[in-house]
Amino acid sequence: QVQLVQSGGGLVQAGGSLRLSCAASGRTFSSYWMGWFRQAPGKEREFVARITWGSGSTVYADSAKGRFTISRDNAKNTVYLQMDRLNPEDTAVYYCACRSSAMSNWDSWGQGTQVTVSS
């Protein structure tokens, strides 16, 4: 089981930037996937971005492309989500998650962190 601890987030004005961090402990392997999701009030949780520990390959939701960057520091077992050009529609609780492969569920989750973008 992988334990995930998030940090970062907060309040920012539209057009600003924030960086979220997600530190993983426990068993991690190069095949593992790390992802970021978000849930806005009254909406379902949605995928934002994901990265593989080993190759570093990435996938983004359309809403994140060109504005958000997911990255990892293997030495620190930490995944980051750099969010630029934020807008009020990005306001949500953001969660990091982990799964052991493309065929498994996202079964480890961080505690969530609030991101609020003011207009």
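This passage describes the fold, core, disulfide, aromatic contacts and selected loop residues of one chain.

The model is predicted. The chain holds 11 strands and 0 helices. Read from the N terminus, its elements run β-β-β-β-β-β-β-β-β-β-β. The C-alpha atoms fill a box of roughly 40 × 25 × 25 Å along the principal axes. The radius of gyration is 13 Å. A compact globule with 119 residues would have a value near 14 Å, so the chain agrees with that expectation. Of the 119 residues, 45% count as buried. Among contacts with a separation of 6 or more, 53% come from residues 24 or more positions apart.

In soluble globular proteins, nonpolar side chains tend to be buried together. Here, the largest nonpolar core has 28 residues. Trp 36, Leu 81, Met 83 and Tyr 94 touch the most other members of this core. Several strands each supply at least two of its residues. In the first part of the chain these are S1 (2–8), S3 (18–26), S4 (33–39) and S5 (46–52). Further along, S7 (68–73), S8 (78–83), S9 (92–99) and S11 (113–118) do so too.

A disulfide is a covalent bond between the sulfur atoms of two cysteines. A search of the whole structure finds 1 disulfide. Cys 22 and Cys 96 form this link, with their sulfur atoms 2.1 Å apart. The pair connects distant parts of the chain. Cys 22 belongs to strand S3 and Cys 96 to strand S9, and the two are 74 residues apart. The angle about the S-S bond is 65°, and the link of Cys 22 and Cys 96 is right-handed. Both Cys 22 and Cys 96 are buried. Cys 98 does not join a disulfide, because its sulfur is 8.3 Å from the closest cysteine sulfur, in Cys 22, too far for a bond. Cys 98 has a relative accessibility of 1%, so it counts as buried.

Aromatic contacts form another theme. A pair of aromatic rings is described by the distance of the centres and the angle of the planes. The structure holds 4 aromatic pairs. One of them joins Phe 37 and Phe 47 in an edge-to-face arrangement. Their centres are 5.8 Å apart, with 75° between the planes. Phe 37 lies in strand S4 and Phe 47 in strand S5, 10 residues apart. The two partners fall on either side of the 20% cut-off for burial. Phe 37 is buried, because its relative accessible area is 9%. Phe 47 is at 27%, so it counts as partly exposed.

Tyr 95 and Trp 109 also form an edge-to-face pair. Here the centres are 6.4 Å apart and the planes meet at 80°. This pair, too, links distant parts of the chain. Tyr 95 sits in strand S9 and Trp 109 in strand S10 (residues 108–109), 14 residues apart. Tyr 95 has a relative accessible area of 16% and is therefore buried. Trp 109 has 32% and is therefore partly exposed. Ring pairs join Phe 37, Phe 47, Tyr 95, Trp 106 and Trp 109 into a cluster.

Charged side chains also meet aromatic rings. The charged end of Arg 45 sits over the ring of Trp 109, 4.5 Å from its centre. The charged end of Arg 50 sits over the ring of Trp 33, 4.0 Å from the ring centre.

Some loop residues deserve mention. Phe 29 is found in the loop between S3 and S4. With 38% relative accessibility, Phe 29 counts as partly exposed. Its C-alpha atom is separated from that of Phe 68 by 24 Å, and the two residues are 39 residues apart along the chain.

Most residues other than glycine have a negative phi. Asn 77 has a positive phi, near 50°. Asn 77 lies in the loop between S7 and S8. Its relative accessible area is 23%, so Asn 77 is partly exposed. Arg 85 likewise has a positive phi, of about 50°, although it is not a glycine. Arg 85 is placed in the loop between S8 and S9.

Key. Residues are numbered from 1 along each chain as its sequence is written. This is a predicted model: local features need pLDDT of at least 70, side-chain atom pairs count only at pLDDT 80 or more; totals for chains, interfaces and linings use all residues. Side-chain values use heavy atoms; hydrogens and water are left out. A nonpolar core is a set of buried Ala, Val, Leu, Ile, Met, Phe, Trp, Tyr and Cys residues joined through side-chain atoms within 4.5 Å. Buried means under 20% relative accessible area, exposed over 50%, partly exposed in between (1.4 Å probe, protein chains only). Helices (H or I, at least four residues) and strands (E, at least two) are DSSP runs, numbered from the N terminus. A disulfide is a pair of cysteine sulfur atoms within 2.5 Å. Rings of Phe, Tyr and Trp (its six-membered ring) pair if their centres lie within 6.5 Å; planes under 30 degrees apart count as stacked, over 60 as edge-to-face and the rest as tilted. A charge sits over a ring if NZ of Lys or CZ of Arg is within 6 Å of the ring centre and within 35 degrees of the ring normal. The radius of gyration is taken over C-alpha atoms; the globule rule is 2.2 Å times the number of residues to the power 0.38. Contact means heavy atoms within 4.5 Å.
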